[in-house]
Amino acid sequence: MSDPVNGDRPVPVTVLLEQAMTWIRDDLYALSDARFPGLRMRHYRLLAMLPHDGERLSRLAAHSGLTKQALAQALAPLEAGGYVEVLPDPSDGRARLVRLTDRGREAEEAVRGRLDAVERDWARRVGEDRYAVARAVLADLAPGPAGSPAPVTVEE
């Protein structure tokens with residue numbers, strides 16, 4: 001795909017990824033409008049990160065790459081909407097645990113279903129083999145555990 005502004009130069013991959021994410025975001029916002037009012041990408045992302053038995057706030061902050069303050073702001077509408085509950089960790093009363101409610105599991109499952117449908121559509125459009133390769137490449141390039149960046153090597 002060439003860039004209409006830059007002629008024969010290919011469209012930067014960042015632009016292609018942004019276009020794909022815009023398409024996904026618009027689809028998820030339609031889901032929000034229909035079933036989960038007010039939820040946005042950051043909320044769906046947090047819901048997807050929570051194990052069914054819950055997660056400590058500190059670990060969720062580290063895993064999400066958010067500060068504790070930013071996490072608290074992102075969790076507030078989820079708690080107010082009945083998607084999560086924040087309670088003392090039974091194994092350590094000083095720690096707080098975030099756990100999905102039934103409503104949160106419903107939202108997380110709906111999002112997973114929508115994203116699975118997107119992947120099936122993309123695989124159908126470009127072919128299973130090509131899609132599998134593209135997905136594997138993105139997985140290889142994704143940051144490692146706890147948000148650590150993937151190693152970057154530059155050949156001289």
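## Overall architecture

How much area does the protein expose, and what percentage of it do carbon and sulfur atoms supply? In this predicted model, the protein exposes about 10,600 Å², of which carbon and sulfur atoms supply 55%. Of the 156 residues of the protein, 28% count as buried.

The secondary structure comprises six helices and three strands, and along the sequence these elements follow the pattern α-α-β-α-α-β-β-α-α. Among the contacts in the protein with a separation of 6 or more, 46% are accounted for by residues 24 or more positions apart.

## Helix H5 and its surroundings

Helix H5 covers residues 102-126, and its geometry can be checked against its length: at 1.5 Å a residue, its 25 residues should span 36 Å, and the C-alpha atoms at its ends are indeed 36 Å apart, so the expectation and the model agree. After H5 comes glycine 127, which has a positive phi, near 100 degrees.

The buried residues of H5 are Gly104, Ala107, Glu108, Ala110, Val111, Val118, Asp121 and Ala123. An α-helix has 3.6 residues a turn, so residues three or four places apart point the same way. What covers the buried residues of H5 includes H1, H2, H6 and strand E3, the last of these formed by residues 92-100.

## Salt bridges that involve H5

The count of salt bridges in the model comes to 12, and several of those described here have a partner in H5. One of them joins the side chains of arginine 35 and glutamate 106, with an N to O distance of 3.2 Å. Because arginine 35 lies in the loop between helix H1 (13-34) and helix H2 (41-49), whereas glutamate 106 belongs to H5, this pair ties together parts that are 71 residues apart in sequence. Arginine 35 counts as partly exposed, at 39% relative accessibility, and glutamate 106 is also partly exposed, with a relative accessible area of 34%. The pair belongs to a network of salt bridges in which Arg35, Arg103 and Glu106 are linked.

A salt bridge within H5 connects arginine 105 with aspartate 102, their closest N and O atoms being 2.7 Å apart. Both residues lie in H5, three residues apart, which is about one turn of the helix. Arginine 105 is partly exposed at 23% relative accessibility, while aspartate 102 is exposed, with a relative accessible area of 59%. The side chains of arginine 135 and glutamate 119 meet in a further salt bridge, at 2.7 Å from N to O. This pair links distant parts of the chain, since arginine 135 sits in helix H6 (residues 128-141) and glutamate 119 in H5, 16 residues apart. Arginine 135 has a relative accessible area of 44% and is partly exposed; glutamate 119, with 26%, is likewise partly exposed.

## A nonpolar patch on the surface

Which residues form a nonpolar patch on the surface? The patch is made of Val13, Leu16, Leu17, Val133, Val137, Leu138 and Leu141, which together have about 630 Å² of accessible area. The elements that give two or more residues to the patch are H1 and H6, and the largest share, four residues, comes from H6.

Valine 13, one of the patch residues, is found in helix H1. Its relative accessibility of 55% lies over the 50% cut-off, and therefore valine 13 counts as exposed.

## The setting of histidine 43

Is histidine 43 buried or exposed? This residue has its place in helix H2, and at 2% relative accessibility, under the 20% cut-off, histidine 43 counts as buried. Its side chain reaches the backbone nitrogen of arginine 40 at 2.9 Å.

When residues up to four places away in sequence are not counted, histidine 43 touches Gly38, Ala74, Pro77 and Leu78. The buried histidine 43 thus offers a contrast with valine 13, which counts as exposed.

Definitions and conventions:
Residues are numbered from 1 along each chain as its sequence is written. This is a predicted model: local features need pLDDT of at least 70, side-chain atom pairs count only at pLDDT 80 or more; totals for chains, interfaces and linings use all residues. Side-chain values use heavy atoms; hydrogens and water are left out. A salt bridge is a side-chain nitrogen of Lys or Arg within 4 Å of a carboxyl oxygen of Asp or Glu. Buried means under 20% relative accessible area, exposed over 50%, partly exposed in between (1.4 Å probe, protein chains only). Patches are made of residues with over 30% relative accessible area and no salt bridge: like charges are joined within 9 Å, nonpolar side chains (Val, Leu, Ile, Met, Phe, Trp, Tyr) within 5 Å. Accessible areas come from the Shrake-Rupley method with a 1.4 Å probe; for residues, only the protein chains shown count as cover. A polar contact is a pair of N or O atoms within 3.5 Å; within protein, one must be able to donate a hydrogen and the other to accept it, and residues adjacent in sequence count only if both atoms are side-chain atoms. Contact means heavy atoms within 4.5 Å. The expected span of a helix is 1.5 Å times one less than its number of residues.
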